[in-house]
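Colleague: I would like to go through this model with you. Shall we start with the sheet and its helices, then turn to some single residues?

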Amino acid sequence: MEKSFIYTENMTVGYDGKALIRDIRLSLEKGQILTLIGPNGAGKSTILKSIIRQLKLVDGAVFLDQKSMEKMTDKEISRKLAVVMTGRMQPELMTCEDIVGTGRYPYTGVLGILSAEDHEKVRAAMELVHAWDLKDRDFSAVSDGQRQRILLARAICQEPEVIVLDEPTSFLDIRHKLELLSILKEMVREKHMAVLMSLHELDLAQKVSDLVICVHGDRIERCGVPEEIFTDEYIRHLYGVTAGSYNASFGCLEMEPAKGKPEVFVIAGGGSGIPVFRKLQRQGVPFAVGVLQENDVDYQVAKALAAKVVTEKPFEEISEERYQEARELMRSCKKVILAVSGFGTMNRRNEELKNEAESLGILEK
Ligand SMILES: Nc1ncnc2c1ncn2[C@@H]1O[C@H](COP(=O)(O)OP(=O)(O)OP(=O)(O)O)[C@@H](O)[C@H]1O
């Protein structure tokens, strides 16, 4: 049976012959992006470095295109596999264009002289990552984000079948993060390449990965599609989150709610509450929200930041019981903020809350 394009067999990795992560089973097809996630020091870089032979395996083997990598020459590997690792190269007196040009070495003669076609490929790769304007700059004097893009260009013009990247987005601004991931996705789809990388940005990992591997303790704790991995509970467990929370639906982090009895009651809905909740949280004001249907977008943030949320079932009109509960809570608050701008069938009873707050003189104007 044909095995995956790149896979490991009983791979154990570590330093000086001592095992750090054992029995790693990883397999990746062309046309897929596999992302390693896990807390600081979990061993993501160690796994990637072991795969690319920068570190000696403690045990097991890595196979690339059906061949054990141990038995392959560097040149053979570099025609199939390109690497973008952070802080690897400290070259002197090389321009950014020279660095990208080294990506063509697997295809040049021993002297490494680039042909006109090679130069064209260098230029195309640098243009793709919007770095052509850096071509004459000294590589050791560019910013971290610029360096990262140059190294990506080098990997692209290497024309590999698999590309391995260690935290490729860490130094990039939001525009370049999105561009890098779009380029990777395009290469995977159009050139049928495989991508193996580590990422700290869980929201990006969730959107871009076909498969996710979670490194935790001395093993791979979970492997699966993003829908299986990115749940509030599992991510909280994987990273040992105690202060604040992770919201898998939004792929975002939330700070801890302000402590204490609610002082402010917010009448929200349809996203109108989110900026109000964030502002109150920043100011350290404990607040309550009601009544929100559980499928309301505001509920996603309210459940993380509010001291109390009075909820109704999805798609249901607000019941008498929920209304009374919210009313009592509202009356115990010093102030009511009306975030929502209109009322309809589903939140009709929230309008009654607003009217009562107004008559009590606690509705913020
Ligand atoms: N050269 C080394 N010799 C011995 N131990 C090392 C070496 N480099 C890293 N380690 C240790 O190996 C463990 C895994 O480190 P690694 O860099 O692989 O983690 P990581 O998951 O990539 O972390 P981060 O998210 O912080 O980049 C850590 O405990 C680290 O201290």
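Colleague: In which sense do β14 and β15 pair, and over how many bridges?

Modeller: Keep in mind that this is a predicted model. V264 stands opposite F287 in β15. The pairing of β14 and β15 is parallel, and the number of bridges is 3.

Colleague: How many bridges join β15 to β16?

Modeller: β15 covers residues 287–293, and β16 runs parallel to it. One pair to look at is A288, whose bridge partner in β16 is K308. The bridges between β15 and β16 number 4.

Colleague: What is the strand order of the open sheet, and which strands stand at its edges?

Modeller: The sheet has 4 strands with parallel pairing, in the order β16-β15-β14-β17. Two strands have a single partner each, so one side of each lacks a neighbour in the sheet. From one strand to the next, the twist averages 20 degrees. The edge strands are β16 (308–312) and β17 (335–338).

Colleague: Which helix packs on the sheet by touching β15 and β16, and at what angle to β15?

Modeller: The helix spans residues 297–305. Its direction makes about 150 degrees with that of β15. The helix is α11.

Colleague: Which strands does helix α13 lie across, and at what angle does it run to β14?

Modeller: Helix α13 is formed by residues 348–360. The strands it lies across are β14 (264–267), β15 and β17. Its angle to β14 is about 140 degrees.

Colleague: How many residues of β15 are buried?

Modeller: Buried means under 20% relative accessible area. By that cut-off β15 is mostly covered. The count is 7 of 7.

Colleague: Now a loop residue. Is F139 buried or exposed?

Modeller: F139 lies in the loop between α4 and α5 (144–157). Its contacts beyond four places in sequence include P91, M94, I99, I150 and L151. Because its relative accessible area is 2%, F139 counts as buried.

Colleague: How far apart are the C-alpha atoms of F139 and L338?

Modeller: Along the chain, the two residues are 199 residues apart. In space, their C-alpha atoms are separated by 55 Å.

Colleague: Is L111 buried or exposed?

Modeller: L111 is in the loop between α3 (96–101) and α4 (116–128). Exposed means over 50% relative accessible area. L111 has 73%, so it counts as exposed.

Colleague: Which residues form the nonpolar surface patch with L111?

Modeller: Together with L111, the patch has about 420 Å² of accessible area. The other members are V110 and I113.

Note on methods. Residues are numbered from 1 along each chain as its sequence is written. This is a predicted model: local features need pLDDT of at least 70, side-chain atom pairs count only at pLDDT 80 or more; totals for chains, interfaces and linings use all residues. Side-chain values use heavy atoms; hydrogens and water are left out. Patches are made of residues with over 30% relative accessible area and no salt bridge: like charges are joined within 9 Å, nonpolar side chains (Val, Leu, Ile, Met, Phe, Trp, Tyr) within 5 Å. Accessible areas come from the Shrake-Rupley method with a 1.4 Å probe; for residues, only the protein chains shown count as cover. A salt bridge is a side-chain nitrogen of Lys or Arg within 4 Å of a carboxyl oxygen of Asp or Glu. Buried means under 20% relative accessible area, exposed over 50%, partly exposed in between (1.4 Å probe, protein chains only). Two strands pair if DSSP finds at least two bridges between them. Axes are lines fitted to C-alpha atoms, for helices over the stretch in contact, and angles run from 0 to 180 degrees between N-to-C directions. Contact means heavy atoms within 4.5 Å.
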